[in-house]
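Let's take a walk through this structure together, from its core outwards. Have the viewer ready and follow along at your own pace.

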Amino acid sequence: MPRVSQAHLDARRQQIVDAARARFASHGFARTSMADIVTESGLSNGAIYRYFASKDEIVVAVCEQGTEALPRTLTAEAVEGFLEHVRALARDTGHARLVAQIYAEAAVSPPLAAVVQQQLAAMRAAVAELVPDRRRGQAGQIAEGFVALCISYNQQLAIRGDLDPTPFTAALMSIING
């Protein structure tokens, strides 16, 4: 029997994660079964279970792939661009609903909570590195506030729909500039 390449295995695993992400964003974790993920992916039950033992493992895999394109600088233009990116993801892919569900599930799933905590710590560290020199002494507090407000914006997008980032940008700039 011929051996399957690692690239093929990786592509199949990604196909499952992508299908699950789409289904979770549109129907939620609770309303998505393994059968739904099988249908969405176009693969067989056996193929799904070859890569993941449970839906919980798939949820963790979806979360592990989550990344945010943080701004490269903490200027008003860069922050506004970042929030516009978050807004576009929410509008085009249901990303805000997915993140809201991940946070809710992390409250009751220690493995998922560990992934979310690691991602939040990485975000705070990345933002702290961008804090202007004149505010370096408050970098940790600024990063904490920045990440918290960005999460709030994402949650608002999940609940309220398409939402102008202008007031959030102003609030973030107030946090950054003091």
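What follows is a short tour of the core, two helices that pack side by side, and a few buried positions.

Please keep in mind that this is a predicted model. A good place to begin is I58, which sits in helix 4, the stretch covering residues 55-64. Is I58 buried or exposed? Its relative accessibility is 0%, and since buried means under 20%, I58 counts as buried. Setting aside neighbours within four places in sequence, I58 is in contact with I16, A20, F24, M34, I37, I48 and F52. One of these partners, I37, is 21 residues away from I58 along the chain, and the C-alpha atoms of the two are separated by 9.6 Å.

Now zoom out to the surroundings of I58. The largest nonpolar core has 55 residues, and F24, I58 and F146 are the members that touch the most others. Helix 8 (residues 139-160) supplies the largest share of this core, with 10 residues. As a general background, nonpolar side chains in soluble globular proteins tend to be buried together. F24 is worth a closer look as well: beyond its neighbours within four places in sequence, F24 is in contact with F29, T32, I37, K55, I58, V59, V62, L98 and Q101.

Staying with helix 4, let's turn to its packing against helix 7 (residues 110-130). The two axes lie 9 Å apart, at an angle of about 5 degrees. Angles under 35 degrees count as roughly parallel, and helix 4 and helix 7 are therefore roughly parallel to each other. From helix 4, the contact involves V59, V60, C63 and E64, while helix 7 brings P111, L112, V115, V116 and Q119. By type, the residues of this contact divide into 7 nonpolar, 1 polar and 1 charged.

Next comes helix 6, which runs over residues 95-106. Its 12 residues reach 16 Å from the first C-alpha to the last, close to the 16 Å expected at 1.5 Å a residue. Which residues of helix 6 are buried? They are H95, A96, L98, V99, Q101, I102 and A106. These buried residues pack against helix 1 (6-27), helix 4, helix 5 (76-93), helix 7 and helix 8.

Our last stop is T169, found in helix 9 (residues 166-177). With a relative accessibility of 5%, T169 counts as buried. Apart from neighbours within four places in sequence, T169 is in contact with A76, V79, E80 and L83.

Technical notes:
Residues numbered from 1 in each chain as written. Predicted model: local features only at pLDDT ≥ 70, side-chain atom pairs only at ≥ 80, totals over all residues. Heavy atoms only, no water. Helix = DSSP H or I, 4+ residues; strand = E, 2+ residues; numbered from the N terminus. Buried < 20%, exposed > 50% of the residue type's maximum accessible area, 1.4 Å probe, protein only. Contact = heavy atoms within 4.5 Å. Core = buried A, V, L, I, M, F, W, Y, C linked by side-chain atoms within 4.5 Å. Axes fitted to C-alpha atoms, helices over the stretch in contact; angles between N-to-C directions. Parallel < 35°, antiparallel > 145°, perpendicular 65-115°, else oblique. Nonpolar A, V, L, I, M, F, W, Y, C, P; charged D, E, K, R; others polar. Expected span 1.5 Å × (residues − 1).
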